[in-house]
Amino acid sequence: MNDQELQSIVEEISKGLFNKDFIHQALFNSRLITTGGRYLLYSHNIEINKKYLDQLGMDELISIIKHELCHYHLHQEGKGYKHRDKDFKELLQKVGGSRYCSPLPEPSGKRRENRILTYICIECSDVYIRKKKLDTKRYVCGSCRGKLILKEV
């Protein structure tokens, strides 16, 4: 699916469920990581995370579009468009949108697993536990200035 197809789906949902036209742009934003979509207050555009379509399918995408269209139409009308507002909660319930999107089954891959690195001093056997890797040529033991070695797990 490309941006033009997304635009036509958003216009169709807006006309069908809200009986109002969507006159701005809807597009995919690949930089969105932790959110399914967002409504931009100043440009009035809607951005959707394409990973949700790829991994969770069309039903999840439609749910995200309904959620973002609630923000859009309420903001256009000057009503409460924020998540905490009564107008938003009522409209979202009326159109059958979801308050939260489902978690992605496949993480983006950019996060490191929580690894624990253990460094041991050759001289005094002090143990240093770190999350980040140390340059053992540059750093030495804080107690005796001895050389550190990485203990293999």
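Residues are classed as buried under 20% relative accessible area, as exposed over 50%, and as partly exposed in between. By this scale Lys20, with a relative accessible area of 33%, is partly exposed. The structure described here is a predicted model, and the classification is applied below to individual residues of its protein chain.

The protein chain contains 4 helices and 6 strands. Read from the N terminus, these elements follow the order α-β-β-β-α-α-α-β-β-β. The C-alpha trace spans about 75 × 30 × 25 Å along its principal axes. The radius of gyration of the protein chain is 25 Å, whereas a compact globule of 153 residues would have a value near 15 Å. Buried residues make up 33% of the 153 residues of the protein chain. When contacts between residues at least 6 apart in sequence are considered, 42% of them join residues at least 24 apart.

Helix packing was examined for α1 and α3. Helix α1 comprises residues 3-18 and helix α3 residues 58-77; the two pack at an angle of about 65 degrees, and their axes lie 10 Å apart. The crossing of α1 past α3 is right-handed. On the α1 side, the contact is formed by Leu6, Ile9, Val10, Ile13, Ser14, Leu17 and Phe18, which meet Met58, Leu61, Ile62, Ile65, Lys66, Leu69, Cys70 and His73 of α3. Sorted by class, the residues in this contact are 12 nonpolar, 2 polar and 1 charged.

Helix α3 also holds Leu74. Leu74 has a relative accessible area of 4% and is therefore buried, the limit for this class being under 20%. Beyond its neighbours within four places in sequence, Leu74 is in contact with Lys79, Gly80, Tyr81, Asp87, Phe88 and Leu91. Of these partners, Asp87, Phe88 and Leu91 fall within helix α4, which covers residues 86-95. With respect to Gly36, which is 38 residues away along the chain, the C-alpha separation of Leu74 is 19 Å.

Gly78 is located in the loop between α3 and α4. Its relative accessibility of 66% is over 50%, so Gly78 counts as exposed. The C-alpha atoms of Gly78 and Gly37 are 21 Å apart in space, and the two residues are 41 apart in sequence.

Charged side chains were considered next. Side chains of opposite charge can pair when their charged atoms come close. The model contains 5 salt bridges. One of them joins the side chains of Glu77 and Lys20, with an N to O distance of 1.9 Å. This pair connects distant parts of the chain, as Glu77 belongs to helix α3 and Lys20 to the loop between α1 and β1 (26-28), 57 residues apart. Glu77 has a relative accessible area of 35% and is thus partly exposed, and Lys20 is likewise partly exposed at 33%. Lys20 and Glu77 are further linked with Lys79 in a network of salt bridges. Lys79 is also among the contacts of the buried residue Leu74.

A salt bridge is also formed by the side chains of Asp21 and Lys15, at 3.3 Å from N to O. Lys15 counts as partly exposed because its relative accessibility, 46%, lies between the limits of 20% and 50%.

In helix α4, the side chains of Glu90 and Lys86 meet in a salt bridge with an N to O distance of 3.9 Å. This distance satisfies the criterion because a salt bridge requires the nitrogen to be within 4 Å of the carboxyl oxygen. Since Glu90 and Lys86 are 4 residues apart in helix α4, about one helical turn separates them. The two residues are assigned to separate accessibility classes: Glu90, at 45%, is partly exposed, while Lys86, at 61%, is exposed.

Backbone conformation was noted at two loop positions. His44 is not a glycine, yet it has a positive phi of about 65 degrees. His44 lies in the loop between β2 (37-39) and β3 (46-48). Arg145, also not a glycine, has a positive phi of about 65 degrees. The position of Arg145 is in the loop between β5 (127-130) and β6 (148-151). With a relative accessibility of 67%, which is over 50%, Arg145 counts as exposed.

Technical notes
Residues numbered from 1 in each chain as written. Predicted model: local features only at pLDDT ≥ 70, side-chain atom pairs only at ≥ 80, totals over all residues. Heavy atoms only, no water. Axes fitted to C-alpha atoms, helices over the stretch in contact; angles between N-to-C directions. Left-handed = near helix turned anticlockwise from the far one by under 90°. Contact = heavy atoms within 4.5 Å. Nonpolar A, V, L, I, M, F, W, Y, C, P; charged D, E, K, R; others polar. Buried < 20%, exposed > 50% of the residue type's maximum accessible area, 1.4 Å probe, protein only. Rg over C-alpha atoms; globule rule 2.2 N^0.38 Å.
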